[in-house]
Amino acid sequence: MTQKVNWVPYVSTVSDTLPISDTTTPTDAVELAEVVRGCYESETAIYPIGGGTSLDYGLPAKRNGIGLSLAQLSTVIDYPARDLTITVGSGITMQTLAETLAKERQRLPIDVPKASQATLGGVIATNFNGPRRFGQGTVRDHVIGIRAVDGRGLSFKGGGRVVKNVAGYDFCKLLTGSLGTLGVITELTLKLKPIPDSFAIVVCSPSDLNHAEQLLAALVNSDTTPSAVELLAGPAWGANKHLAGDSSSSNALFLAVALEGTEPEVAFMIKQLGTEWRHEGVRSHQALEGQAARDLFADMQEFPSAGESPLVLRANMVPSGTTRFIDAIQTLDKNCSIQSHAGNGIVLAK
């Protein structure tokens, strides 16, 4: 299934993207519930708004209504760092959340474009997952507690603030990806992970898509444990300063594998992956570490929203169909740029 995704800046275009006449900003969950209740009684449509980075995600909105900004629901409610959990308001930005967690050398391993603008509630509502979903899981795997307000203005909750919690219906997974249609998310409890000591990205240039498919298949039985497997194609990656490509070529093709762990673990995996690739016909590869690895990963994280593009496509498929789908896209437009979470069967093209 192919989904139109147009990343829209919130500040200047929210009223142009959504059919709203006004935007209200509740200061807390109680006030938010009152607003929703009033809209229910007056039969007014409501459009929850986080950071406004994915307003065109899903089917176009047609019914006139009001915007409901979650910007004020952005506080850290509870952070027992030793338990590796945190409870926050849904309006907190991903950057603020990351900075808060980094003080305890912890993280939520979800990679989102425009992190300074995108909110946690919006990420949950759109079920957005970046490159690390291959090794670290999806956003729904990290939500263990949730509070929301339904369409009648009634508050409800699911899960809790501890990891081992199986009471009640699994509202956490139900609301993840619901695009605000089942309720307005107000509070979230997350399961966290420690920040690894070492990070590297090993990159090679497959000779063609058939060779790329061979390398991807070999990774299934690899002695390494990648956190991300990205197949990158097109001029945007050929021009990337961290990749040894030809900036003038639309045929640029790279396989980038991210590795995380202790320093000895990452050093072993870099060496092991190089050995495995040589057996698969890779003539040369590069291992990026330190700032170079972080910069390239940031480029991959920002790809869906970087630059100007009238259309961004996302397609989900079985992982074995990734290279065939990329070939089909390039047949239609040889100048498009593509990033695929190849280990998960997700392709982004623009």
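**A friendly note on this structure**

1. Let's start inside the protein: the largest cavity has a volume of about 50 Å³. Keep in mind as you read that this is a predicted model. Which residues line the largest cavity? They are Phe128, Asn129, Arg133, Arg314, His341, Ile346 and Leu348. A search of the whole structure turns up three cavities of 30 Å³ or more. If you wonder how empty space can be found at all, rolling a probe the size of a water molecule over the atoms shows where it is left.

2. Next, have a look at the sheet. Three strands make up an open sheet, in the order 2-4-3, and their pairing is parallel. Strand 2 (20-24) and strand 3 (45-49) are the edge strands, each pairing on one side only. From one strand to the next, the twist averages 30°. As background, strands of a sheet pair through backbone hydrogen bonds, either parallel or antiparallel.

3. Now zoom in on one pair of strands. How many bridges join strand 3 to strand 4? There are five, and the two strands run parallel, with strand 4 covering residues 65-69. To find your place on screen, try Tyr47, which stands opposite Gly67 in strand 4.

4. A helix belongs in this picture too. Helix 2 (residues 29-41) packs on the sheet, where it touches strand 2, strand 3 and strand 4. The direction of helix 2 makes about 170° with that of strand 4.

5. Here is a residue worth clicking on: Ser90, in the loop between strand 6 (85-89) and helix 3 (94-102). Is Ser90 buried or exposed? Its relative accessible area is 1%, and buried means under 20%, so Ser90 is buried. Leaving aside residues up to four places away in sequence, Ser90 touches Leu70, Leu73, Thr119, Leu120, Gly121, Ile185, Thr186, Glu187 and Leu188.

6. For another loop residue, turn to Thr181, found between helix 6 (171-175) and strand 10 (184-191). Thr181 counts as exposed because its relative accessibility is 63%, and the cut-off for exposed is over 50%. The side chain of Thr181 reaches the backbone oxygen of Ser178 at 2.6 Å. Where does Gly151 lie relative to Thr181 in space? The two are 8.4 Å apart, C-alpha to C-alpha, while 30 residues separate them in sequence.

7. To put the two loop residues side by side: Ser90 is buried, whereas Thr181 is exposed. Try finding both of them in the model yourself.

Terms used
Residues are numbered from 1 along each chain as its sequence is written. This is a predicted model: local features need pLDDT of at least 70, side-chain atom pairs count only at pLDDT 80 or more; totals for chains, interfaces and linings use all residues. Side-chain values use heavy atoms; hydrogens and water are left out. Two strands pair if DSSP finds at least two bridges between them. Helices (H or I, at least four residues) and strands (E, at least two) are DSSP runs, numbered from the N terminus. Axes are lines fitted to C-alpha atoms, for helices over the stretch in contact, and angles run from 0 to 180 degrees between N-to-C directions. Contact means heavy atoms within 4.5 Å. Buried means under 20% relative accessible area, exposed over 50%, partly exposed in between (1.4 Å probe, protein chains only). A polar contact is a pair of N or O atoms within 3.5 Å; within protein, one must be able to donate a hydrogen and the other to accept it, and residues adjacent in sequence count only if both atoms are side-chain atoms. On a 1 Å grid over the protein atoms alone, a cavity is a set of points where a 1.4 Å probe fits but cannot get out, and a pocket is an open set with protein on both sides within 12 Å along at least five of seven lines; lining residues have an atom within 4 Å of a point. Grid points are joined across faces, edges and corners, and a volume is the space filled by probe spheres set on the points.
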